[in-house]
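Take a walk through this chain from the whole fold down to single side chains. Keep the 3D view open as you read.

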Amino acid sequence: MHTDDIIEEVGGMSRFQLLLLFLIIGSKTIHPWGMLMMSFTGVPPDFWWCDKNASVVPNGAINFTYEQQCPSVDSNNTCTLVYSQEKNTVINQWNLVCEDSGVKPFITAVQMGGVVLGAALGGHSGDAIGRKKTYYLCILLNILFNLVAAFSVSWQMFTVLRFFIGAMVGSLLVVSFSYYMEFIGKYWRPMTGTMPFWPVGSALFAMTCWLRPNWSHLHIITAMIHVPFLLGWFIVPESMRWLAAHGRLKEAEEVVDQMARYNGTKKPANTSAILKQVAEEELRGRESNRKYTYLDLYRPWSLCWKSFIIQIIWLNVACVYYGISFGVGHLTGNLYLNMFLVAVIDIPGKLVVFFLSNIIGRRWTAFMFFALAACAAFSVVVVSSVGTADWEAITTVLALVCRLGIAAAWACHLVFASETYPTVIRNLGYGAANTAARVGSIVSPYIFIMGGDDLMPPFVIVGVSMFLCTLLSLVMRETMGVPLEDTTAKTSRKTCLSDVMFSHESVPFKKDQDDELLDEKV
């Protein structure tokens, strides 16, 4: 028997799961506000120049043109940097132009470094002290850090606070995914990574930037929209799987009671026996009172090679995904419209992934979208080489198609990563993948800088990265329809290298049954 049997009996996707969908996964609507803040606050005003008279261009000036010029190094020819008034970003707040122009990508890189740390700590904390405590503590701290950041008095202070905001976002992204997935039936798992909360939040952020183009106000708004999700502490329980794996059987059974009560169903008669079995398997599979660490992701070879592949894919995907997000200002057209389009283009891809991943499997769905992203990226390179203004709009469309493929493939791998690991190290596995992703995202702000206004160099990087991910996605073993493991007892057993590396069944039910029979004989 398995904890999945309990979930299916009380309702794999009913009223209780729908409530948690909005209270846990729904918080991904507000995560982009913290992650993508620098895509707006790091953009300079449309006009700026060095003026001895410190004149000001009226807000919304259309026909005004002036050569952007830095202050002269000659002390006898000093002047004041003046900016147009259509937006207020950290660039004009602290004069981050000319010799200080490198501060903007530095702030973004520091923020993404915080996400790396947060992903690592969030994965460890979620497995050590529980999903619930980690999740709500990060929401509370994120509120506080955003409020303080809104009143930063220097770019150095702002950078430090962006680091801590990034850490909270990284932790939330890790723990929220596995937290919710442990409450739903196996058929509905792809929904965890494919629900378009992130792109909807990104689109709302773009609209808010257009309506309120002020970096300080945006931080205050970001803090305020976290508050409703913080109230979920009084409703959302701890993960039943986590409680059972840590021997807290009474609390785990109370969670089952709560789920059955909300869904109008009855608790299975063998609930206690199943939960006790999970706890006993976990005790047999590890030393008494042992705390799992990230090293447990690499000790059995059957998990080691999967962990490496997942992390390589996530590193490449995050690098180009956020590279396009932070480089949206380099695309042709209106900044706010491009921010909106880059956000909403994720939605159709995620919806298609939900259905395809349950029909052709996770692996082939990821392969298909990685290939689409690679083709679109190389198409941008070809079109950019033409070098005519008439083709600029086409490059923007191709860049959006590339972003669609990247987002859809990543949504598929969100499910892949969590289905690969047992409950006791699922947060660690997902956290390690997120850590690899954030290492890639640290580099992402510099991708579009290296080409200046030329889109060819950055999209060569995007195309090569997506081609690599296309190949690696074929190596992963299919997880569609396979029950989630709760302990490391089975994964710790030796697995034949050739069986793991070259097994590509789309639906490996028969294979898994054969493996279990072989294990029993051994």
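Contact here means heavy atoms within 4.5 Å. With that in mind, start at Trp 314. Leaving aside neighbours within four places in sequence, Trp 314 is in contact with Trp 410, His 413, Leu 414 and Ala 417. Tyr 430, Ala 433, Asn 434 and Ala 437 also touch Trp 314. Bear in mind that the model is predicted.

Trp 314 belongs to the largest nonpolar core, which has 130 residues. Trp 314 is among the residues with the most contacts inside that core. Tyr 322, Ile 406, Phe 459 and Met 466 share that standing. Another core lies apart from this one. The second core has 13 residues, including Met 38, Val 90, Ile 107 and Phe 158.

Now step back to the whole chain. The chain has 24 helices and two strands. Of its 522 residues, 57% are buried. What share of the contacts with a separation of 6 or more comes from residues 24 or more positions apart? The figure is 84%. On the outside, the chain exposes about 21,200 Å². Carbon and sulfur atoms supply 65% of that area.

Finally, look at one pair of helices. Two packed helices are described by the angle and the distance between their axes. Helix α7 covers residues 131–149, and helix α8 covers residues 155–181. Their axes come within 9 Å and cross at roughly 155 degrees. Angles over 145 degrees count as roughly antiparallel, so α7 and α8 are roughly antiparallel to each other. The crossing of α7 and α8 is left-handed.

Methods. Residues numbered from 1 in each chain as written. Predicted model: local features only at pLDDT ≥ 70, side-chain atom pairs only at ≥ 80, totals over all residues. Heavy atoms only, no water. Core = buried A, V, L, I, M, F, W, Y, C linked by side-chain atoms within 4.5 Å. Buried < 20%, exposed > 50% of the residue type's maximum accessible area, 1.4 Å probe, protein only. Helix = DSSP H or I, 4+ residues; strand = E, 2+ residues; numbered from the N terminus. Areas by Shrake-Rupley, 256 points an atom, 1.4 Å probe, with all protein chains shown as cover. Axes fitted to C-alpha atoms, helices over the stretch in contact; angles between N-to-C directions. Parallel < 35°, antiparallel > 145°, perpendicular 65-115°, else oblique. Left-handed = near helix turned anticlockwise from the far one by under 90°.
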